[in-house]
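This report describes selected strands, sheets and helix contacts of the model shown below.

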Amino acid sequence: MSRPRVVIVGAGFAGYRAARTLARLTRDRADVTLLNPTDYFLYLPLLPQVAAGVLEPRRVTVSVPGTVRGVRLVLGQADRVDLDGRTVHYSDPEGGVGSLGYERLVLAVGSVNKLLPIPGVAEHAHGFRGLPEALYLRDHVTRQVELAAADEGPASRAARCTFVVVGAGYTGTEVAAQLQILTDRLARRTPPPAVPRPRWLLLDVAERVLPELDERLSRTADRVLRARGVEVRTGTSVKEATGDGVLLTDGEFVASRTLVWCVGVRPDPLVEYVGQPLARGRLVVDPYLRLPGRPEVFACGDAAAVPDLGRPGQFTPMTAQHAWRQGKVAAENVAASLGLGRRRRPYRHRDLGFAVDLGGVRAAANPFGVPLSGPAAGAVTRGYHLAALPGNRVRVTADWLLDAVLPRQGVQLGLVRAWSVPLDTASPELARVPGGPEQPYAHAGEEPMTHETHPENQPVGEPAKNQPGGEPAKNQPGGEPARNQPGGEPARNQPGGEPGKRQPGGEPAKSGPDHPAPGPVKRTDSPDPADAPE
C-alpha cells in the first residue's frame with residue numbers, strides 16, 4: 001500500500017513548524033515534501049541584528065535538511081496550484097520546472113513587502129523581509145558613512161548621514177534602534193574632520209510607535225529611541241521619494257540617500273492564483289485551517305485568514321507567533337485526516353506577550369502581561385529568542401557575548417547589489433542574479449481569481465510576473481543600477497568602477513548589450529487606497 005503524499009509549500013514560521021510536526025507524527029508513514037526557494041528557515045525577529053552587524057547571517061538561518069528529518073526538501077518557487085488535479089507546479093533555481101502531486105496540501109507561503117501608491121518609493125526604497133535585504137542594508141549604511149567621511153560638501157555629507165525608516169511597527173522600530181547604534185559607532189571611528197552625527201528618522205502615520213502593542217511598551221520604545229537621538233515622527237509619512245531625499249506629508253523635504261520601507265506585509269501573490277475565497281488578501285480557512293470545500297487543503301501563517309475564536313468576526317494578526325502555532329495545528333490536523341495522529345482541533349491561542357529588541361541591553365517586553373523595560377526586558381527578550389530558535393543557540397549566544405566585549409566590525413562585503421533586492425518582489429528571500437531563470441506565477445492570459453469575502457477590503461490583484469505591467473521575473477539578467485542613486489552602488493572606490501560624478505543622483509550607469517541596466521521594479525497596479533503605513 002502506497003503512503004499518502006503531503007506537500008507543504010513554504011518554510012517560514014508556519015511551514016517549517018508544520019514540517020517538523022508532521023515528521024514527528026507520521027514517522028515515515030507518509031511522504032512529506034517541503035517546497036521552498038531556500039534550504040533554510042529564516043528566523044526573522046533577529047534579522048535587524050544581522051543588518052547591524054551583531055549576528056552573522058548564518059546564525060539566523062536554520063538548515064531544513066539538518067533539522068527536519070524524514071521530510072524531502074525540494075528547492076523551488078511555487079508557480080501554480082491545480083486544486084482539481086491536486087498538483088503544485090514549481091520552478092527550480094536553475095530554470096527547470098516540475099510538479100508535485102499530493103493527497104494533502106499545506107499552503108504556508110508567507111508574506112512580502114506591502115507597497116503603497118507613493119511616487120518614487122518602488123524606485124528608491126528597500127524593504128526588510130529577507131536575508132539579502134539585510135545584507136544589502138548593512139553594506140549600504142556603512143558605505144554612506146564612509147563616503148560622507150571623504151565628501152567635502154557639507155550638504156552631501158549630511159544627506160549621506162541621514163537615514164529614513166518608514167513604518168514604526170516591530171520591524172521598523174527594531175531596524176531604527178539597531179542601525180542607529182551601528183552608524184554612531186561608524187561615525188566615531190572616522191578621522192578628522194569627523195562626519196556629522198548620523199540622523200535617523202522613524203516615520204509612521206499612527207499616533208505612536210508600535211501601535212499594535214500595549215501603550216506601555218510603546219512609551220518605553222519611544223523613550224529609548226528619542227534618548228538616542230532618533231527623530232520619531234508620528235502622524236507623518238512619505239509623500240514622494242526622489243534621488244535626493246524624501247518629501248514628507250507635513251511638507252518638509254529631508255535630504256537623504258537611504259529610505260527603508262517597513263510599512264507592513266501583504267500575503268504572497270501566489271494566494272491570489274489559488275482561485276479560492278480571500279479575506280483581506282488572505283485565503284479564507286475554517287477554525288481547523290482548511291479551505292472551504294477543499295478538506296484536503298490547509299493554509300496557515302500569513303497566507304491564511306484564520307478566525308480568531310477569542311474575538312468573533314475577526315482574524316488572527318499576521319505575526320510570527322501566530323504562524324508558528326498555526327503550523328503545528330495544521331500539521332496535527334493533516335495527520336488526523338490521514339488517520340496518523342490524534343483528533344483534529346481548532347486553532348486557539350493564548351497571548352504570551354511581546355518583546356521588542358531596542359539594541360544593546362535595552363528592550364521593551366510584557367511577558368504574560370507583565371510590562372518590563374531596560375536590562376530586565378533585554379534579558380527576557382534574548383531569552384525568548386533563544387528559546388524560540390530551532391537551532392544555532394550556542395552560536396547566537398557566542399555572537400552576543402563577542403559583541404558585548406569587542407568592537408563591531410563595520411565593513412562592506414559587497415555581496416548584494418541594489419538592483420538584486422527590489423522593493424517590489426514576490427521572493428524577498430532570494431536576490432536577483434544575472435542570467436537567472438524566469439519564474440512566472442501564471443501563464444500568458446491567465447487572470448488571478450480574487451473572490452473576496454469582504455468587498456470593503458478587496459485587494460488589487462498583482463499582475464502576473466513576466467506579463468506587461470507586471471513584475472519582472474525574479475533572477476532576471478540585469479546590469480548595474482545608476483551610480484550613487486539612493487540604494488544604488490557607488491562607483492567610487494569600488495573594484496572596476498569608474499569615478500562617480502559629484503552631483504545629486506550621480507551619473508546613470510551606461511547600458512549596453514553586455515550590461516543592460518534593469519533599473520528599479522515599478523508597480524503599475526493600484527493598491528487599495530485604504531491601505532496606509534503602520
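Strand 1 and strand 2 (residues 31-36) run parallel and are joined by 5 bridges; strands are DSSP runs (E, at least two residues) and helices likewise (H or I, at least four), numbered from the N terminus. Two strands count as paired if DSSP finds at least two bridges between them. Within this pairing, Val-6 stands opposite Val-32 of strand 2. Strand 1 (residues 5-9) is largely enclosed by the rest of the structure, because 4 of its 5 residues are buried. Buried denotes under 20% relative accessible area, exposed over 50%, and partly exposed in between (1.4 Å probe, protein chains only).

The model is predicted: local features need pLDDT of at least 70, side-chain atom pairs count only at pLDDT 80 or more, and totals for chains, interfaces and linings use all residues. Residues are numbered from 1 along each chain as its sequence is written, and side-chain values use heavy atoms, with hydrogens and water left out.

Two open sheets are antiparallel. One has 3 strands in the order 6-7-8, with strand 6 (77-82) and strand 8 (97-101) as edge strands, each pairing on one side only. Its neighbouring strands are turned by 25 degrees against each other on average, direction ignored. Axes are lines fitted to C-alpha atoms, for helices over the stretch in contact, and angles run from 0 to 180 degrees between N-to-C directions. The other sheet has 3 strands in the order 24-25-26; its edges are strand 24 (355-357) and strand 26 (372-373), each paired on one side only. Helix 8 (residues 215-227) lies across strand 25 and strand 26, at about 175 degrees to strand 25.

The table lists one pairing from each of these sheets.

| Strands | Sense | Bridges | Opposed residues |
|---|---|---|---|
| Strand 6 and strand 7 (residues 87-91) | antiparallel | 5 bridges | Asp-82 and Thr-87 |
| Strand 25 (residues 363-365) and strand 26 | antiparallel | 2 bridges | Ala-364 and Ser-373 |

The axes of helix 1 (residues 13-26) and helix 9 (residues 320-337) come within 7 Å and cross at roughly 35 degrees. The crossing is right-handed, meaning that the near helix is turned clockwise from the far one by less than a right angle. Residues in contact (heavy atoms within 4.5 Å) include Phe-13, Tyr-16 and Leu-25 of helix 1, and Trp-324, Lys-328 and Val-334 of helix 9. The contact comprises 12 nonpolar, 2 polar and 4 charged residues. Here Ala, Val, Leu, Ile, Met, Phe, Trp, Tyr, Cys and Pro count as nonpolar, Asp, Glu, Lys and Arg as charged, and the others, Gly among them, as polar.
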